[in-house]
Each structure stands twice: as C-alpha cells, then as structure tokens.
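Here's an informal walk through one model, going from strands to helices and then to a few side chains. Have the structure open as you read.

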Amino acid sequence: MAKDDRLAPGRAVLERVAELSQWGLALPPGKGQGVAMCMSFGTWVAQVVQVDVTSGAVRMDKAWAVADPGLVLDPDNFSAQISGGMIFGLSQAVGQEITLTNGRVDQQNFYDFDSMRLAQCPEITVELLENGARMGGAGEPGTPPAAAALANAIFAATGQRIRSMPLSNEIDFFA
C-alpha cells in the first residue's frame, strides 16, 4: 500500500489481520488461507479465511476480520455487525444466486436466500481498531471482502481460481 498517511488505517487493518491469522506460516496440505480488504461505508476492513479441502469439499475452518471505523461507540455490537456481515458475504459466495425463469426473477425475498448454518460457519475472530479520522459504517462493511477472501483461500488450497459467483457452481462445500 502506498505511504500516503490517509491510507494508514487500511495498512493497519491488513497488518493486524495478518498477525491474528498467522499469515505466511506453512499450512498442512489441503489447507489454504485467503485475504481480502476494502474500504466499505467509510470503514477499512481486512479479512482472512482459512479452508480445508482434505475431504474433497471446501470447509471453512477459521476466519479473521479486522475493521477500523474510526470511533467505535459500542464495540460488542460493532463486532457482531462485522461477523454477521462476513457470514452474509460467505453465504452468498457458497450458494446464494439470483436466477431467472421466462424473464422473471425466481427469488422473491430473503427467505429464498438460505444463509449458512452454524455448523457450516467458520470460527470468526473480530478485532476493531480506532485509527480512522471519521466514524464509518458498521452493518455492511463485513460483507464485501468475505467472498474474495474465500475464493483466495480456495485458490491457495487447490490451485483452482474461481471468478464467478456463487462459488458452489464450480466447487463443492461442506463435506
């Protein structure tokens, strides 16, 4: 990342998520980690997802998220929002899809988009930093980097680069 001081909070979340996830340590065969980060609704977010493909399907073992919204008024609620957003993004990546039949959308509302169940969710660790100059968002920022981190983890574990959603169109999950 550039040395621009305005990007310092972004560098800090990336560095911290790398520390938390022990990024760079050798993993056993069949495991992989992927990282992604973004600025979403004024909040820097970096995430690492760790997968295991030794059973022949992708299982998410662990996930880490570090967010810097600037000032955090309610850390417990903010952490829950980040992990919930991450679960929403991972759920979309592993199977939520909008389909059409005869030119009409088949899905009508959230009940048509099943989220991951507790047994499918990775163990999620969230850490909050407060380096940003302004207060950012809490509800949505956990969602955008989740799918990219998962796709990068799958690539690290399998060598298979998936570039379309949902990822389950090209690989099996939850064996």
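Let's start with the strands: S1 (residues 31-40) and S2 run antiparallel, with ten bridges joining them. Strands here, like helices, are DSSP runs (E, at least two residues for a strand; H or I, at least four for a helix), numbered from the N terminus, and two strands pair if DSSP finds at least two bridges between them. One of the bridges puts alanine 36 opposite its partner in S2, glutamine 47. The two strands make a hairpin with two residues between them, and phenylalanine 41 in the turn has a positive phi of about 55°.

A word on ground rules: this is a predicted model, where local features need pLDDT of at least 70 and side-chain atom pairs count only at pLDDT 80 or more, while totals for chains, interfaces and linings use all residues. Residues are numbered from 1 along each chain as its sequence is written, and side-chain values use heavy atoms, with hydrogens and water left out.

**The sheet**

S2 also pairs with S3, again in the antiparallel sense, this time over nine bridges. Tryptophan 44 stands opposite aspartate 68 in S3, and glutamine 50 has lysine 62 of S3 as its bridge partner. The hairpin of S2 and S3 has six residues between the strands, and glycine 56 takes a positive phi near 100° there.

Which way do S3 and S6 pair, parallel or antiparallel? They pair in the parallel sense, over six bridges. Lysine 62 turns up again here, with glutamate 123 as its bridge partner in S6.

How covered is all this? In S2, ten of the ten residues are buried, where buried means under 20% relative accessible area, exposed means over 50% and partly exposed lies in between (1.4 Å probe, protein chains only). Thr43, Val45, Gln47, Val49 and Val51 point one way from S2, Trp44, Ala46, Val48, Gln50 and Asp52 point the other way, and all are buried. S3 has seven of its ten residues buried, so it is largely enclosed by the rest of the structure.

**The helices**

Helix H2 (residues 75-94) has 20 residues, and at 1.5 Å a residue it should span 28 Å; its end C-alpha atoms are 28 Å apart, which agrees. The expected span is 1.5 Å times one less than the number of residues. Among the buried residues of H2 are Phe78, Ile82, Met86, Gly89, Leu90 and Val94. An α-helix has 3.6 residues a turn, so residues three or four places apart point the same way. The cover over the buried residues of H2 includes strand S2 (43-52), strand S3 (59-68), strand S6 (123-128) and helix H3 (144-158).

Isoleucine 82 is a good residue to click on in H2. Its relative accessibility is 0%, so it counts as buried. Leaving aside neighbours within four places in sequence, isoleucine 82 is in contact (heavy atoms within 4.5 Å) with Ala65, Ala67, Val126, Ala138, Pro141 and Gly142. Isoleucine 82 and isoleucine 124 are 42 residues apart in sequence, yet 9.9 Å apart in space, C-alpha to C-alpha.

In helix H1 (residues 8-21), have a look at serine 21. With neighbours within four places in sequence set aside, serine 21 is in contact with Gln33, Val48 and Trp64. Arginine 163 sits in the segment after H3. Arginine 163 and asparagine 152 are eleven residues apart in sequence and 10.0 Å apart in space, C-alpha to C-alpha.

Here is how some of the residues in this report score for accessibility.

| Residue | Relative accessibility | Class |
|---|---|---|
| Serine 21 | 4% | buried |
| Cysteine 38 | 17% | buried |
| Cysteine 121 | 17% | buried |
| Phenylalanine 173 | 13% | buried |
| Phenylalanine 174 | 23% | partly exposed |
| Arginine 163 | 73% | exposed |

**Cysteines and rings**

How many disulfides does a search of the whole structure find? Zero, with a disulfide being a pair of cysteine sulfur atoms within 2.5 Å. Why does cysteine 38 have no bond to cysteine 121? The sulfur of cysteine 38 is 19 Å from that of cysteine 121, the closest cysteine sulfur, and that is too far for a bond.

The structure holds one aromatic pair. Phenylalanine 173 and phenylalanine 174 form this pair, which is tilted, at 5.8 Å centre to centre and 50° between the planes. Rings of Phe, Tyr and Trp (its six-membered ring) pair if their centres lie within 6.5 Å; planes under 30 degrees apart count as stacked, over 60 as edge-to-face and the rest as tilted.

Last stop: the charged end of arginine 161 sits over the ring of phenylalanine 155, 3.9 Å from its centre. For that call, NZ of Lys or CZ of Arg must be within 6 Å of the ring centre and within 35 degrees of the ring normal.
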